[in-house]
Amino acid sequence: MGTNVSRHEDLSENEYLMRFVGKEHIPAYNDDFWNSFLQYHINLPTNSQEQLSLDSRLESLCQSFISHNLSTGNFGSLINVYLVKVSELLALSDAESTVHIWQAFNALFIIRCLIKYMIETGSEYQLLQHFEALPIQESQEQEESDQATETSSDVAVNIDPKVIADTKAAVAKLVDGTKFETFLEALVNIIVVIPVKEFTYHLHLEAVNCLIVLLSVSQFSQQRTDKSTIFKTIYKCQHANTLMSALLHFLSRMTQAPSTMFGFGSGGSFVFGIAESLWSILTFSRKQPDILSAHDLPSAFKDHYPLANQSLLLILILANHYTTKDNPYRASLFGCSDSQADSAKDEVATFKIDFSSLYNTLCRIVTIDQATLLLYLLLHRNQRFYKYVMAQQNLQQLVIPILQTLYNAPDSTSHHIYMSLIVLLILSEDDNFNKSVHQIILKNITWYTERSVSEISLGGLLILVVIRTIQYNMLKMRDKYLHTNCLAALANMSGQFRSLHPYVAQRLVSLFETLAKKHARLDQQLKQSVNGDVAAAAAATEVAVSIAAPSSDDMLQDLSVLEEVLRMVLEILNSCLSHQLVYCPNLVYTLLYKRSVFEAFRSHSAFQDIIQNIDMVVGFFSSRLVRVQDQRGELGVNEVLEVISKGASQWSSDRLRKFPDLKFKYVEEDAPEEFFIPYVWTLVCKAGCVHFSSESIKGVTTDINC
């Protein structure tokens with residue numbers, strides 16, 4: 001894995017590590033120890049193998065830390081050192097702060113490793129105990145006084161094992177989370193106050209990672225989050241708007257990770273002999289990032305833009321917990337406005353961000369699962385952002401990558417396919433969107449390989465991909481809700497279908513034809529089942545392995561669902577004919593050519609009314625073609641289209657039976673957390689830079705591989 005790994009014993013032989021996890025208390029004011037302890041360099045693990053390697057080498061040290069820290073309070077000392085470093089950073093200039101940033105990062109990395117270990121192996125209460133633990137004093141005040149005269153301020157205090165055993169009960173004091181609150185505030189200050197520059201990049205990244213690790217406590221415990229001190233502290237944060245703003249800015253700016261950390265290896269003056277560092281054995285080698293093309297970006301997003309990636313995941317975590325309760329982060333995300341808009345109109349905005357930058361970033365990475373989820377949240381819940389997107393002239397930059405995700409459905413998760421479709425459904429709720437997609441002409445869409453199409457409208461491509469998704473779902477996923485969302489998007493658009501490519505018109509009618517054939521087969525099977533033919537056939541072909549035949553009830557249910565889908569396809573065709581017939585000659589041509597596929601449904605009570613409209617259109621143009629053919633003889637394709645176009649100018653839609661306009665609106669489920677929280681944490685595990693122990697996870701679905 002390109003990892004420079006020394007022997008496991010090397011860490012155990014480290015003098016400063018052994019003192020930190022050992023039995024002696026190290027006060028926060030022991031500058032000599034902490035300056036030496038925090039002088040190391042590490043490139044962060046970026047995959048599960050590297051994380052596993054690091055975790056395995058730290059495990060015995062973490063165990064020693066757990067067994068001694070409640071008595072030594074060294075974790076509290078480290079926290080205090082970190083707090084001092086952060087407070088100094090906030091007061092220093094860039095020229096003065098590089099060493100403090102380096103040491104603050106190193107302190108925070110150790111803290112994060114220990115927090116992660118305690119969350120994965122213990123309880124939240126135990127973690128908070130370690131935050132609050134103070135060094136145990138000698139049992140007699142007189143002994144404390146005597147020892148105070150013998151101990152200098154820079155010498156560690158050895159703790160007697162007998163005292164440790166006698167005073168365990170004293171350690172289990174009330175854990176009120178006070179120190180944790182102070183620690184959390186320092187984390188937030190790093191993110192929101194210190195500007196992101198090349199030498200601060202990894203400190204910001206570590207602060208974001210530490211927040212993700214803290215919130216992961218919900219996944220390693222069965223405790224409800226509203227009972228969690230960590231969650232309650234994070235969600236009562238007074239700086240929710242500022243934090244959400246900073247995270248969204250990290251994402252939208254999408255700054256690439258610097259090739260060096262804190263200037264090490266850059267040839268600058270800030271070099272401390274890191275090659276001989278006590279912890280240099282923890283270094284993971286990295287290749288310098290290359291300039292990425294738009295095509296490569298989604299797959300390399302995590303490795304080359306880790307701060308943007310982790311900020312995106314943290315936004316999703318914060319926004320998707322407490323979806324039906326008071327959630328300041330969720331309200332903040334949904335209430336933000338465009339910094340480039342008229343400020344007078346957005347006085348009540350939670351914060352301002354450049355929507356142009358955010359939109360362009362999302363367009364670049366929307367094929368990434370977590371980016372699609374954020375786009376969904378913004379479009380569904382932030383009306384300002386939704387209106388901004390609807391006003392864009394370059395909608396193809398957003399829509400085409402979403403269509404590629406759907407087209408490559410076998411390479412995506414079912415959740416990602418589902419969210420991509422919902423985004424399209426939300427977009428299709430806007431009439432201007434439905435008009436504009438047919439005005440945007442695309443050329444040479446190379447990734448669409450079903451058929452070579454040299455030129456097609458964005459709307460036509462959208463129809464093709466959604467139809468293909470329906471057919472894929474019929475074969476592979478068999479998800480009724482996915483069908484519904486696909487057809488709802490097409491239905492919303494149908495009243496604005498224009499200039500449909502011949503192939504698009506063919507695919508629309510072929511979709512009905514495919515469903516009709518399936519309906520006929522299922523109807524026949526149901527009749528056979530009722531007559532007992534299925535049972536007779538099963539008895540005649542009895543084999544060693546019994547295969548259960550579908551019951552009549554199951555087939556009836558399938559038939560009912562199929563008829564709903566067929567009805568909806570007919571309504572989509574009818575909507576187009578009612579509103580846009582004059583602009584869709586290719587659809588009329590295809591209906592004339594495929595008129596036989598509707599015959600079986602003319603007498604069906606569920607379809608009669610709407611079939612009459614299609615029959616009326618087909619009959620009108622058929623009679624005109626017959627008259628022209630009588631005059632000219634056999635007609636070619638272009639001549640038929642010419643007859644249709646002329647006939648369309650004389651056609652009146654008043655002849656058709658009126659049906660309600662097709663308008664579907666996406667409505668979120670009543671309990672969104674049941675879907676979104678497992679989904680978000682699955683993404684954190686699969687796409688994040690922090691890798692968790694999947695064996696210990698209790699809160700996430702079992703198919704997660706961290």
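**Exercise 1.** Determine which residues of helix H7 are buried, and what this says about its surroundings.

*Solution.* Taking buried to mean under 20% relative accessible area, with a 1.4 Å probe and protein chains only, one finds Glu-124, Leu-127, Leu-128, Gln-129, His-130, Phe-131 and Glu-132 in H7. Because seven of the nine residues of this helix (residues 124–132) are buried, H7 is largely enclosed by the rest of the structure. Helices here are DSSP runs of H or I with at least four residues, numbered from the N terminus. The model is a predicted one, in which local features need pLDDT of at least 70 and side-chain atom pairs count only at pLDDT 80 or more, while totals for chains, interfaces and linings use all residues. Residues are numbered from 1 along each chain as its sequence is written, and side-chain values use heavy atoms, with hydrogens and water left out.

**Exercise 2.** Identify the contacts of Ile-115, leaving aside neighbours within four places in sequence.

*Solution.* With contact meaning heavy atoms within 4.5 Å, the partners of Ile-115 are Phe-75, Leu-127, Phe-131, Phe-183, Cys-210, Val-213 and Leu-214. Two of these names, Leu-127 and Phe-131, also appear among the buried residues of H7.

**Exercise 3.** Describe how helices H18 and H19 are arranged.

*Solution.* The axes, which are lines fitted to C-alpha atoms over the stretch in contact, come within 9 Å for H18 (residues 355–365) and H19 (residues 369–381), and they cross at roughly 140°. The contact is made by Leu-358, Leu-362 and Ile-365 of H18, together with Ala-371, Leu-374, Leu-375 and Leu-378 of H19.

Definitions and conventions
Axes are lines fitted to C-alpha atoms, for helices over the stretch in contact, and angles run from 0 to 180 degrees between N-to-C directions. Helices (H or I, at least four residues) and strands (E, at least two) are DSSP runs, numbered from the N terminus. Buried means under 20% relative accessible area, exposed over 50%, partly exposed in between (1.4 Å probe, protein chains only).
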